[in-house]
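Let's walk through this model together, beginning with the overall fold and ending at the bound ligands and the loops around them. Keep the viewer open as you read.

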Amino acid sequence: MAASKLVGKLVSHVIVDLDGTLLNTDSVANQILKSFLAKLGKKWDSKSAHRIVGRTPLEAAAAVVEDYQLPYSKEEFLSMITPLLADQWCNIRPLPGANRLIKHLRSNGVSMALASNSPKSNIEAKISCNDGWKESFSAIVGRDEVEKGKPSPDIFLEAARRMNTEPSRCLVIEDSIAGVTAGKAAGMEVIAVPSIPKQVDKFSSASEVVNSLLDLQLEKWGLPPFEDWIEGTLPIEPWYIGGPVIKGFGRGSKVLGIPTANLSAESFSDILSEHTSGVYFGWAALSTKGVYKMVMSIGWNPYFDNTEKTIEPWLLHEFPEDFYGEELRLAIVGYIRPEANFPSLESLIARIHEDGRIAEKALDLPLYAAYRDSPYLTNPLPESNS
Ligand code: ADP
Ligand code: RBF
Ligand code: MG
């Protein structure tokens, strides 16, 4: 490994946060708050979600009580919402790359701790829902086991102590600003994986900011590298979406010379909240035409700074005409890179063409080629009842 590749100090131990870093807690918490507030005749605005991320439960409760002027004290509100959350703990899904990270560190014998602002009993309940997680951590530290929660360094210092190591030997992985502050205050290297999009500038104190756990390059910290990348692609657990092709911003063909057959992001908000933004690839079926190779971006297109998340599949085939309204089904089988900004339109276009070549080639590998025959793509469309 070239020394120039190292971005920070060499580490030997990893400390990860739980909610928002390994688990998609926000998605479940948002659903619960939404229905709770609806009963009070109030509308949950996901934009205030940033006031909750990375806070202790009581701080988060205080923020909601204040934002929505609820007729309860923060303690009362917390005691009402806690059992609703506890009921849903096993419905909280691991974030993309969480299982991969845990398995990788464990199989390479790297000691790993879990450090969370939640009480220890909540942490244990949540991780017990995921096979192999509890055994993978050599220490688990909850908010109730130290004097002060994040952004104070106590939780991380205690985690290092229980792993019998120095803080300077630890790498923290965190999604929240409070967590990044805490890790830095503990004298540790910190990788930020922000839960809230478009807030990257707020994480400038982190040693590095990555888009998702899929983008971790552990060799930069002297840790064993992931070895599952194949020809510039990362195999993922396949996922499937489909629907009628809708009108996009009208930019793909016109501005980039790259048409993208957009799906309605609104209709897939649940499944999209489970997948991080980025460039993915797979197979695309058009009901009347056939199955084609496909590369796509999901996200906010940083170059155009969109306010909406969009799904932009580019089918790697020349079509004589548009196919708006036609049913498009996608099997998404691999990941290429995070969405990025580019200094010029030409460099964005060049990068998308490179993504296309990577996808084109990778999809011939048996590992990915097998999904061309997925029943989801090849079965006739269900009869419409309408
Ligand atoms: P929009 O912003 O409306 O999505 P685009 O310029 O991105 O417009 O063009 C996308 C449309 O072009 C698709 O909806 C589809 O009908 C058509 N199209 C033609 N060839 C392709 C292709 N290879 N991949 C995706 N869409 C294509
Ligand atoms: N837009 C970006 O701003 N940054 C990207 O990194 C990016 N990557 C893309 C990769 C692929 C394979 C495709 C098809 C599109 C990508 N786009 C990206 C989105 C592109 O800007 C979008 O399709 C057009 O803006 C059309 O709306
Ligand atoms: Mg498009």
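Residues 24 or more positions apart supply 69% of the contacts in the protein that have a separation of 6 or more, where contact means heavy atoms within 4.5 Å. This is a predicted model, in which local features need pLDDT of at least 70 and side-chain atom pairs count only at pLDDT 80 or more, while totals for chains, interfaces and linings use all residues. Residues are numbered from 1 along each chain as its sequence is written, chains are lettered from A and ligands numbered from 1 in the order in which they are written, and side-chain values use heavy atoms, with hydrogens and water left out.

The protein has 13 helices and eleven strands; these are DSSP runs numbered from the N terminus, with helices being H or I of at least four residues and strands E of at least two. Its radius of gyration is 22 Å, which agrees with the value near 21 Å for a compact globule of 386 residues. That radius is taken over C-alpha atoms, and the globule rule is 2.2 Å times the number of residues to the power 0.38. Along the principal axes, the C-alpha atoms fill a box of roughly 65 × 60 × 40 Å. The accessible surface is about 18400 Å², and carbon and sulfur atoms own 51% of it; such areas come from the Shrake-Rupley method with a 1.4 Å probe, and for residues only the protein chains shown count as cover. Of the 386 residues, 50% count as buried. Here buried means under 20% relative accessible area, exposed over 50%, and partly exposed in between, with a 1.4 Å probe and protein chains only.

For a view of the packing, turn to helix α7, residues 154-162, where Ile155, Phe156, Glu158, Ala159 and Ala160 are buried. The buried residues of this helix pack against strands β1 (13-16), β2 (111-115), β3 (139-141) and β4 (170-174), and also against helix α8 (177-185). After α7 comes Asn164, which has a positive phi, near 55 degrees.

Now for the ligands. Around ligand 1 there are 20 residues, with Gly248, Gly250, Ser253, Phe323 and Tyr324 coming nearest; a residue is near a molecule or strand if one of its heavy atoms lies within 4 Å of it. One oxygen atom of ligand 1 lies 2.5 Å from a backbone N or O atom of Gly250. The side chain of Asn262 places an N or O atom 2.7 Å from an oxygen atom of ligand 1, and a nitrogen atom of the ligand is 3.0 Å from a polar backbone atom of His317. Ligand 1 exposes 560 Å² when taken alone, and the protein buries 94% of that.

Asn262 deserves a second look. This residue sits in the loop between α9 and α10 (269-273) and counts as buried because its relative accessible area is 6%. Its OD1 atom also coordinates the magnesium ion (ligand 3), together with O and OG1 of Thr260, at 2.1 to 2.3 Å. Donors are N, O and S atoms within 2.8 Å of the metal (3.2 Å for Na, K and Ca), and water is not among the atoms, so sites may look incomplete. Thr260 is partly exposed, since its relative accessible area is 23%.

Among the contacts of Asn262 beyond four places in sequence are Ile246, Gly248 and Glu312. Ile246 lies in the loop between β7 (234-244) and α9 (252-256), and is partly exposed because its relative accessibility is 34%. Apart from neighbours within four places, Ile246 contacts Asn262, Leu263, Ser264 and Tyr324.

Ligand 2 is also surrounded by 20 residues, the closest being Asn301, Tyr303, Glu312, Arg337 and Ala340. A nitrogen atom of ligand 2 is 2.7 Å from a polar backbone atom of Ala340, and an oxygen atom is 3.1 Å from one of Pro302. The protein covers 99% of the 550 Å² of accessible area that this ligand has on its own.

Finally, find Asn306 in the loop between β9 (290-299) and β10 (310-315). Asn306 is buried, as its relative accessible area is 6%. Residues touching Asn306 from more than four places away are Lys198, Phe249, Arg251, Trp300 and Asn301. The side chains of Asn306 and Arg251 are joined by a polar contact of 3.2 Å: a pair of N or O atoms within 3.5 Å, where within protein one must be able to donate a hydrogen and the other to accept it, and residues adjacent in sequence count only if both atoms are side-chain atoms.
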